[in-house]
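Subject: Structure for you to look at

Hi,

Here is the structure I promised to pass on, with my notes underneath. Have a look at it first, then read on and tell me what you make of it.

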Amino acid sequence: MNKERLIPLIVAAALFMENMDSTVIATSLPAVAADIGTSPLTLKLAITSYLLSLAVFIPASGWTADRFGARSVFSAAIVVFMIGSIGCALSSSVTDFVIARTLQGLGGAMMTPVGRLVLLRSIDKSALVNAMAWVTVPALIGPVIGPPLGGFITTYFSWHWIFLINIPVGLVGIFMAQRYIDPIRSDNPERFDLYGMVLAGVGVGGIAFGLSVAGLNLLPWTVVAALIGVGSVSMAAYMMHARRTDSPVLDLTLLRLPTFRASMYGGFLFRVGVGALPFLLPLLMQVGFGLSPFGSGLVTFSSAVGAMGMKTLAARIIRAFGFRNIMTVNAVVSSVFLAACALFTITTPLLLIMIILVVGGFFRSLQFTAINALAYADVEPERMSRATTLASVSQQLAISTGVAIGAFSVEATMLYHHSTELTAADFGSGFLVVSVLSAMSTFYFVRMPADSGHQVSGRRMVVISDPTRESEAEEETSRETVTARDQKLS
């Protein structure tokens, strides 16, 4: 297997382990809580501690990869994640479990951006779309396969195996990374911006943690608002600090690149919708339609089937139509399929629901692949580590925002209906709101230059010639020919 296929699969395996693990735990919380002697509500601290650790440590990932080498950091991140997984399986109290999940978050914070950096530094830009198609799949199928897998393992085996199955996957990932990934590192690593790291960590952590907690209904709204407020103030302070330093942990000057800016702003809005889908859809299936967690997971897995079907076609589609055309139209198409979930009722045939999810998963996966590949089209090699860090922070905030907006929309609908119990009718507004936000991303994509990312897509630009200029060029050539002939005759 060539490098263009092998390295994306190595990175994808690690990212799949992280994405699946972060969602599979939600289904198994009651069993874990009963086993260690606490309530499921208290144990939700394990979910929020993971998200907080992830958000705080992501800003340091770029510098760490430059300083110690992307391959070494990627392998070490898998080791840390595995240690955290073993800690979760051996936990006998809430404190043990939260500490282990925090350790997993530290490993995950390095795995995602550094894994993407390994890909960017190992794969030529002309093959980047195909590579990103493979890496995108874990992010899409992890959230949908996690709940049914967690329910199956917890029901028929033991919740401990949810975390222990990471060990063989991690060991294979480490072996493959050490054997097939080149030991690339920066020749001149920059000074670590500790002050900026603190500001960015508090900012990203406060905002992401606050939004995630809002979606879980774990803390009072006053505490949630305080977390988001402190995070916003810290991020504002970081932006002022970033202007005065030469080596910021989050390099906001990358947003001056048109392709990177469109990918970040448009991608953020698009991910808000997709981030809410794994939160809203299982609730609709289980609470609204009365399906079991395993049955709900089998239905929602349909979107993963569509995502996997896309990976072989993405490069050809983008090469044929170009980034701007595909992303502009596909943002609307994907949002339409997301909004279609608002029409699901208890009488809607499951086959029709699955067909809509399969087709929607295809278009969402195509959009993700295009967004991820376009982001790095114009980024210089020496700034790749900064770009992957900033992109990972943006993705984390977008997903947390999507969950919070989806949850708020459902709660607002319940308040409007004066209902005390959640029903299927309360979910429609949530799907519509996040679909509108996702569709708004098209305004950033349509404003891109027509040749955006052509060095990545492989699409040749069609140059429309100007007849007037062609005539002038022909006359000039004719005059030069006559002059040369006269000089030769004389």
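Arg386 has a relative accessibility of 13%, so it counts as buried, the cut-off being under 20%. Please keep in mind that this is a predicted model. The partner of Arg386 is Asp251: the two form a salt bridge, with their closest N and O atoms 2.8 Å apart. Arg386 sits in helix H18 and Asp251 in the loop between H11 and H12, so this pair ties together parts that are 135 residues apart in sequence.

Asp251 is buried as well, because its relative accessibility is 2%. Salt bridges with shared partners bring Asp251, Glu380, Arg383 and Arg386 together in one network. Within that network, Asp251 also forms a salt bridge with Arg383, where the closest N and O atoms are 3.0 Å apart. Arg383 is in the loop between helix H17 (350-375) and helix H18 (384-417), so its pairing with Asp251 ties together parts 132 residues apart in sequence. Both Asp251 and Arg383 are buried.

How many salt bridges does a search of the whole structure find? There are four. One of them joins the side chains of Arg121 and Asp66, at 2.8 Å from N to O. This pair, too, links distant parts of the chain: Arg121 belongs to helix H6 (residues 94-122) and Asp66 to helix H4 (residues 61-68), 55 residues apart. Asp66 counts as buried, at 11% relative accessibility.

Another acidic residue to look at is Asp193, in the loop between helix H9 (166-180) and helix H10 (194-216). Asp193 is buried, with a relative accessible area of 3%. Leaving aside residues up to four places away in sequence, Asp193 touches Tyr238, His241, Thr245, Ser247, Pro248 and Val249.

Then there is helix H16. Its 17 residues (323-339) should span 24 Å at 1.5 Å a residue, and the end C-alpha atoms are indeed 24 Å apart, which agrees. H16 does have a kink of about 25°, centred on Asn330. Asn330 is among the buried residues of H16, which also include Phe323, Ile326, Met327 and Leu338.

Finally, the surface: Tyr265, Val436, Met440, Phe443 and Tyr444 make a nonpolar patch of about 480 Å². Tyr444 comes from helix H20 (residues 442-446) and is partly exposed, with a relative accessible area of 33%.

Happy to talk it through whenever suits you.

Best wishes

Methods. Residues are numbered from 1 along each chain as its sequence is written. This is a predicted model: local features need pLDDT of at least 70, side-chain atom pairs count only at pLDDT 80 or more; totals for chains, interfaces and linings use all residues. Side-chain values use heavy atoms; hydrogens and water are left out. Helices (H or I, at least four residues) and strands (E, at least two) are DSSP runs, numbered from the N terminus. The expected span of a helix is 1.5 Å times one less than its number of residues. The bend at a residue is the angle between axes fitted to the seven residues ending there and the seven starting there. Buried means under 20% relative accessible area, exposed over 50%, partly exposed in between (1.4 Å probe, protein chains only). Patches are made of residues with over 30% relative accessible area and no salt bridge: like charges are joined within 9 Å, nonpolar side chains (Val, Leu, Ile, Met, Phe, Trp, Tyr) within 5 Å. Accessible areas come from the Shrake-Rupley method with a 1.4 Å probe; for residues, only the protein chains shown count as cover. Contact means heavy atoms within 4.5 Å.
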